[in-house]
Amino acid sequence: MSEPGLNQEESVLTRIQYSLLLPFLLIGCDATTKKTDAETPVLPADKADPITIVDAPLTGVSLGWGFSKSNNEPIPTICVEFVEGREPAQTKYMTMSEVSDSYELMQSLGMSAEASVKTMGYKAKGKAAYAKSVNITGFSSNFVLNAVVENGVVFAAPKPARSAVESGASGPRGGMSGQIRLTPEAARLANTPARFVERCGDSFVSAIYGGAKITAVLSIQQSSHSEQEKLSASMSGSGWGARFEGKVNAQSTSDSASNRMDLSMFQTGGSGDSIPVSKEQLLAKMDVLATEAMVAPKDFHIALTPYEVLFNWPDKEIPHPASEFDELASFWGAYNTLYDEIQAVLDAPDTFSLIGVDDNNCVSLSITDEDAKRAKLMELADAQDEILAGLKTMQDTAQTCVLTPSACSFNAADYRHPYAYRIQLPPPTGAVADLEEFVAYTLSDSVARRCMISPDNSGCISNAEIRNWSEKIGLTPLLESDPRYAKIEAAIADDGDARPAEELSAPLTEGGEAPAAAACAGSSQAMGFSREAGSNVLWFNSGHALFESVETPTEL
């Protein structure tokens, strides 16, 4: 059973991390060579688990090489003494996850935040190029299947003492006593950490493991949110592997002729065989994956161990700058998908239900007034322009982070939250039945997936925050730079002389009376206005009498 909160691949990596850590925890059992507590450098609490797992570089790498975590680059210099150990057994597993944007796809492929950021600023290769080429939107149900065969890990083991070699106390897993240690030259250089990092990096490659892997992305366009939920439920839980096979073998994914299934594949490992280009070839490939992993393996991941844990590391600390990559990758992935989703709406607006406020001051899931529809499309076009500007800025930031990690800085407060744009996205016609289902379709489902990635992910928000965003549905967002912004603020200020401020944000009709509950069946009364937390954006009800003097653009 995998650890709580980890997918199968993460669970395997965690177990490998623990096993790789043991040689360093057991270092120095010989009393004649053990340091005293006063001499042993103490790692900060955030380095209690020093082993990290990253993607193997496409340029190739060898056991013992140095590695710069800040640059995410290998250094072809060996600064440690060790012997090679090897585990012979294979590990085989399959995972499947549901994704809704580019960031979630990269996470499901096991891409590190650093690798994800690199795809933003430079031409991607390997699985990064594959992730960039797959079109993922929230309008479809998207499932990522990873079938993996990992060969036994090759790892750096303690170099045995001469006496151990002479007595035969050494084998395929390294010495039974001894240490992994800095070379004499590296030990001298370590007294000047800055020079040491230039020559050796901040970590060394302590393990390499590879094999063969097939990734398949199955995208099924459903006609409604309820069908998406049914499909998600049917593809989860025990037996999902058989159901995935059934889906790719089926001629139709459901009784609805409008549903469409797209399947894309990516393989690493193997040599001289054909590329799987059909559903049948994909399923056949899984039968021979273990053999291909053994005959022609591909390095998947490498384990990195900081030099500070080594026995003969001096009492010096290598600086480990905090990474800005995680949040940057998360925002870029969300923005990238939002841009594509808005383009799909602008290309075929008649296939989507535009959302606004109707004549009864209720949030409408399908506005019919032509002027109102044109205004909503204009809002979406403006939102897409903002997203594009954000993507360009993030791309520049990514290039800085890759070229000059010490200057890498990403401040999420400089960007509007992706949910600010997501609540403006109209659903495909017929996809949702009421406002509650729209909130689940637009917000709750996405929040749940982000919280599964990490509670610290910016997309993992509270129920109170979900309600706050949902109150803005149907309203018109205004940036402070918009000329209408000042007029809205003035109208609110003038009206505030007659009413308490809290009443201004309550649902109001033109006459100031709340509409009858029946008038908003399946929906809710629209707010008068609402402010966006963390940014100077004002959301207002364009149909409210308080703002009737404010003109709304109706031409794209």
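Where is Gly-60 found? Gly-60 sits in the loop between β1 (52–55) and β2. Before I go on, please keep in mind that this is a predicted model.

Let me stay with Gly-60 for a moment. Its relative accessibility is 28%, so Gly-60 counts as partly exposed. If we set aside the neighbours within four places in sequence, Gly-60 is in contact with Trp-65 and Pro-74. Pro-74 is 14 residues away from Gly-60 along the chain, and the two C-alpha atoms are separated by 8.6 Å.

Trp-65 comes up again with another residue, Ser-203. Ser-203 has its place in strand β12. Is Ser-203 buried or exposed? Its relative accessible area is 0%, so Ser-203 is buried. Not counting residues up to four places away in sequence, Ser-203 touches Trp-65, Gly-66, Phe-67 and Lys-69, and also Leu-304, Thr-305, Pro-306 and Tyr-307. There is also a polar contact of 3.1 Å between the side chains of Ser-203 and Asp-202.

Now step back along the chain to helix α7, which covers residues 193–200. Which residues of this helix are buried? They are Pro-193, Phe-196 and Cys-200. These residues span an arc of only 55 degrees around the axis, so they lie on the same side of α7. For the background: an α-helix has 3.6 residues a turn, so residues three or four places apart point the same way. On the other side of α7, Ala-194 and Glu-198 are exposed. What do the buried residues of α7 pack against? The list is β2 (65–68), β3 (73–78), β11 (181–182), α6 (184–189) and β12. Just after α7 comes Gly-201, with a positive phi of about 80 degrees.

Next, strand β7, residues 141–150. Here 10 of the 10 residues are buried, so the strand is largely enclosed by the rest of the structure. In a regular strand the side chains alternate between the two faces of the sheet. In β7 both faces are covered. On one side we have Ser-141, Phe-143, Leu-145, Ala-147 and Val-149, and on the other Asn-142, Val-144, Asn-146, Val-148 and Glu-150, all of them buried.

Which strands pair with β7? One is strand β6, residues 91–99, which pairs with β7 in the antiparallel sense over 9 bridges. Within that pairing, Ser-97 stands opposite Val-144. Another is β12, residues 203–221, again antiparallel, over 10 bridges. There, Ser-141 has Ile-220 as its bridge partner.

On to the nonpolar cores. How many residues does the largest one have? It has 62, and those with the most contacts inside it are Leu-105, Tyr-335, Val-345, Met-394 and Ile-473. Among the elements that give two or more residues to this core are α2 (102–108), α12 (325–347), α13 (370–403), α15 (435–453) and β19 (537–540). There is a second, separate core of 25 residues, which includes Ala-56, Ile-180, Phe-196 and Ile-208. We met Phe-196 a minute ago, as one of the buried residues of α7.

Last topic, charged side chains. The count comes to 15 salt bridges. One of them joins the side chains of Arg-449 and Glu-104, at 3.3 Å from N to O. This pair links distant parts of the chain: Arg-449 is in helix α15, Glu-104 is in helix α2, and they are 345 residues apart. Arg-449 and Glu-104 are both buried. Asp-101, Glu-104, Arg-449 and Arg-450 are linked in a network of salt bridges.

Set beside that the bridge between Arg-374 and Asp-371, whose closest N and O atoms are 2.3 Å apart. Both residues lie in helix α13, 3 residues apart, which is about one turn of the helix. Arg-374 is partly exposed, with a relative accessible area of 36%. Asp-371 is partly exposed too, at 41%.

One further example is the salt bridge between the side chains of Asp-482 and Arg-484, at 3.0 Å from N to O. Is Arg-484 buried or exposed? The relative accessible area of Arg-484 is 14%, and the cut-off for buried is under 20%, so Arg-484 is buried.

That is what I have for today.

Terms used:
Residues are numbered from 1 along each chain as its sequence is written. This is a predicted model: local features need pLDDT of at least 70, side-chain atom pairs count only at pLDDT 80 or more; totals for chains, interfaces and linings use all residues. Side-chain values use heavy atoms; hydrogens and water are left out. A nonpolar core is a set of buried Ala, Val, Leu, Ile, Met, Phe, Trp, Tyr and Cys residues joined through side-chain atoms within 4.5 Å. Buried means under 20% relative accessible area, exposed over 50%, partly exposed in between (1.4 Å probe, protein chains only). Helices (H or I, at least four residues) and strands (E, at least two) are DSSP runs, numbered from the N terminus. Two strands pair if DSSP finds at least two bridges between them. The arc is that of the directions from the helix axis to the C-beta atoms. Contact means heavy atoms within 4.5 Å. A polar contact is a pair of N or O atoms within 3.5 Å; within protein, one must be able to donate a hydrogen and the other to accept it, and residues adjacent in sequence count only if both atoms are side-chain atoms. A salt bridge is a side-chain nitrogen of Lys or Arg within 4 Å of a carboxyl oxygen of Asp or Glu.
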